[in-house]
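Work through the exercises below with the model open. Try each task before reading its solution.

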Amino acid sequence: MMARWSARTVWLAGLGLLAMALVAGSAQGAYAISPAQLWHVLRDMVGGSDNPTPEHLVFVNIRLPRLLLGVAAGAGLGLAGALMQGLFRNPLADPGLIGVSSGAALAAASFIVMGNLWFPDLPRALGSWTLVSMAFMGGLVVTFLIYALAQSQGGTRMGLMLLAGIAVNALAGAGLGYLSFLATDEQLRNLQFWLLGSLGGARWSAVVLVGAVVILACGAGLTLARPLNAIALGEAQAVLLGVDVERTKRWAIWVCALAVGAVTATTGMIGFVGLIAPHWVRMVAGPDHRIVLPGSALLGAALVLAADAVARTAVKPAELPLGVLTAFIGVPMFLFMLRHFRGRV
Amino acid sequence: MSLRCTHVGVSADGKKRLAQVDATLEPGRFTAILGPNGAGKSTLMSLLTGQRQPMGGQVLLRNRPLSAYSAADMATVRAVMLQESAVAFDFLVREVVELGRYPHRYQPTQDEAGLVQQAMEATQVAHLADRNVTTLSGGEKARVQLARALAQVWHPRTDGADRWLFLDEPTAALDLAHQHQVMRLLRKWVAREGLSVVAVLHDVNLALRYVDDVLVLDGRLAHFGPTHEVLSAQTLASVWGVSSQAVNSEDGVRQYLFA
């Protein structure tokens with residue numbers, strides 16, 4: 001049996017992969033930037049420059065915010081996936097179970113299709129932030145609904161949460177279907193692209209906001225690592241070990257909701273990352289959440305950046321939808337690792 | 001300081017799960033809870049560990065109700081081995097036993113790794129230390145859980161508080177040799193370390209050989225007292241409805257043959 005990777009190896013490998021993905025992502029795109037040009041741009045950014053080259057402008061205004069959004073999105077989704085799997089004590093759990101993605105999608109669809117009819121005044125107040133804000137609120141509202149349905153006398157019942165999540169997600173899906181039915185062709189196209197995910201909407205203001213939420217989520221999430229390890233022995237046993245299981249559940253669910261909500265509101269639906277990244281980390285390093293949580297964040301970020309690089313270059317100057325690519329890249333690599341580490345699974 | 005339950009009972013869904021029980025468990029003794037299926041043994045255990053609150057009566061530890069203690073405090077003085085515990089992910093045996101040290105994470109001892117190793121050696125799972133716990137047999141898993149529970153109450157407390165170990169059918173999955181090895185281990189811990197052990201058992205003969213006091217649950221009544229006094233042929237007949245024949249084993253311990 002292969003020896004497990006240590007925490008240090010996971011961090012080094014994760015940061016290494018992330019660095020490679022950042023470099024690849026910086027160079028690739030409809031406007032190609034060679035490594036030499038990239039080096040100049042970075043030097044100019046540090047030293048200040050009177051005469052920015054076109055490469056500099058492209059990098060600072062378009063590519064860099066997009067890369068950073070990719071890092072934040074991947075880290076948020078990877079962390080959320082690991083938290084959900086730890087909470088549900090099941091490696092098949094996914095952040096979508098708590099409804100935040102479908103809630104965000106439903107809210108976004110409502111705005112795209114019915115915005116003029118239902119909330120004509122909102123864009124005046126929120127401007128270009130309207131869609132993002134609505135999607136974020138939609139995600140939180142649906143999560144709250146599922147969370148409320150899962151409450152019982154003994155606290156939050158994860159089994160109830162799963163079932164409530166399935167029901168509410170189905171309802172949101174039906175709502176989404178109905179809105180698609182009502183949509184005009186242009187609205188339908190907008191909605192489809194939003195649903196398939198993209199890092200294209202990366203403005204610096206959005207990037208900073210999502211980045212801040214994800215950093216806070218990672219900080220809070222890491223404190224849940226040891227309690228989640230204890231919860232792997234069963235919720236009853238975790239209580240007997242002194243873990244405040246109800247508090248852990250609340251924090252994990254809401255950290256996920258905020259992180260995935262912020263990411264989904266800005267990028268649309270990027271699937272698969274939250275399900276796969278924790279699996280990979282567990283396969284090489286074992287299930288200790290002190291390694292799986294940060295590892296999933298790093299790997300998730302690298303995965304999203306890699307997928308985005310392909311999205312931008314495969315059919316340039318057009319862009320492939322990111323959500324499709326995360327699946328296309330994720331699945332073969334997952335199957336490869338499954339074969340390689342099959343003794344461990 | 002004793003663990004006392006006064007008039008405790010539990011009802012669920014309109015049915016009485018546990019009849020009124022009064023007992024005082026003194027520290028430093030090995031107590032077994034016995035009784036037919038459905039008599040409420042696991043229910044009583046859950047009241048004594050603080051997992052469940054009694055509907056009538058109280059469970060008092062050092063004269064304070066269990067609900068007055070925080071879960072974190074309780075975890076530093078008592079460990080519980082549940083009847084079933086499925087581990088969710090592919091943790092190694094060593095990692096599972098280490099989780100027994102979680103309540104003490106802010107006050108670790110000098111040699112935590114050594115403590116974990118000793119706990120594994122005590123229940124004879126040290127050779128499985130780097131194995132994936134989900135691949136073990138039922139008996140091996142049970143011994144890993146016991147090692148985890150022992151690790152939790154391994155060290156004497158600086159404030160001298162008693163340490164309690166609750167075990168729900170610890171010998172259920174074990175082969176003959178390990179049944180006796182575990183009971184001897186628990187007996188040794190009671191005698192040398194002053195650990196207070198409460199175990200739900202099914203095997204009357206194991207109880208007669210290793211246990212100081214028994215609490216026999218009957219549905220309506222509870223019999224509590226030293227093992228050899230309570231476990232007489234009459235009690236066995238009235239509580240379990242089996243006829244028994246007393247036999248004196250070679251080392252002088254009374255055992256029963258059943259029909």
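Three exercises follow, each with a worked solution.

This is a predicted model: local features need pLDDT of at least 70, side-chain atom pairs count only at pLDDT 80 or more, and totals for chains, interfaces and linings use all residues. Residues are numbered from 1 along each chain as its sequence is written, and chains are lettered from A and ligands numbered from 1 in the order in which they are written.

**Exercise 1.** Give the strand order of the open six-stranded sheet in chain B.

Solution. Helices (H or I, at least four residues) and strands (E, at least two) are DSSP runs, numbered from the N terminus. Two strands pair if DSSP finds at least two bridges between them. The order is β6-β7-β8-β3-β9-β10, with mixed pairing. Next, find the edges: β6 (78–81) and β10 (222–226) of chain B each pair on one side only. Then take one pair inside the sheet. β3 (30–34) and β8 (196–200) of chain B run parallel, joined by four bridges. There, I33(B) faces V200(B) of β8(B).

**Exercise 2.** Describe how β11 and β12 of chain B are connected.

Solution. The two strands make a hairpin, with five residues between them. β11 (244–248) and β12 (254–258) of chain B are antiparallel and share five bridges. S244(B) is opposite F258(B). In the turn, G252(B) has a positive phi of about 90°.

**Exercise 3.** How many residues does each of chains A and B give to their contact?

Solution. Residues are in contact if their C-beta atoms, placed from the backbone, lie within 7 Å. Chain A gives 19 residues and chain B gives 19. On the chain A side, α10 (225–231) and α11 (235–240) each give two or more. α11(A) gives the most, with four residues.

Key: Two residues are in contact if their C-beta atoms, placed from the backbone, lie within 7 Å.
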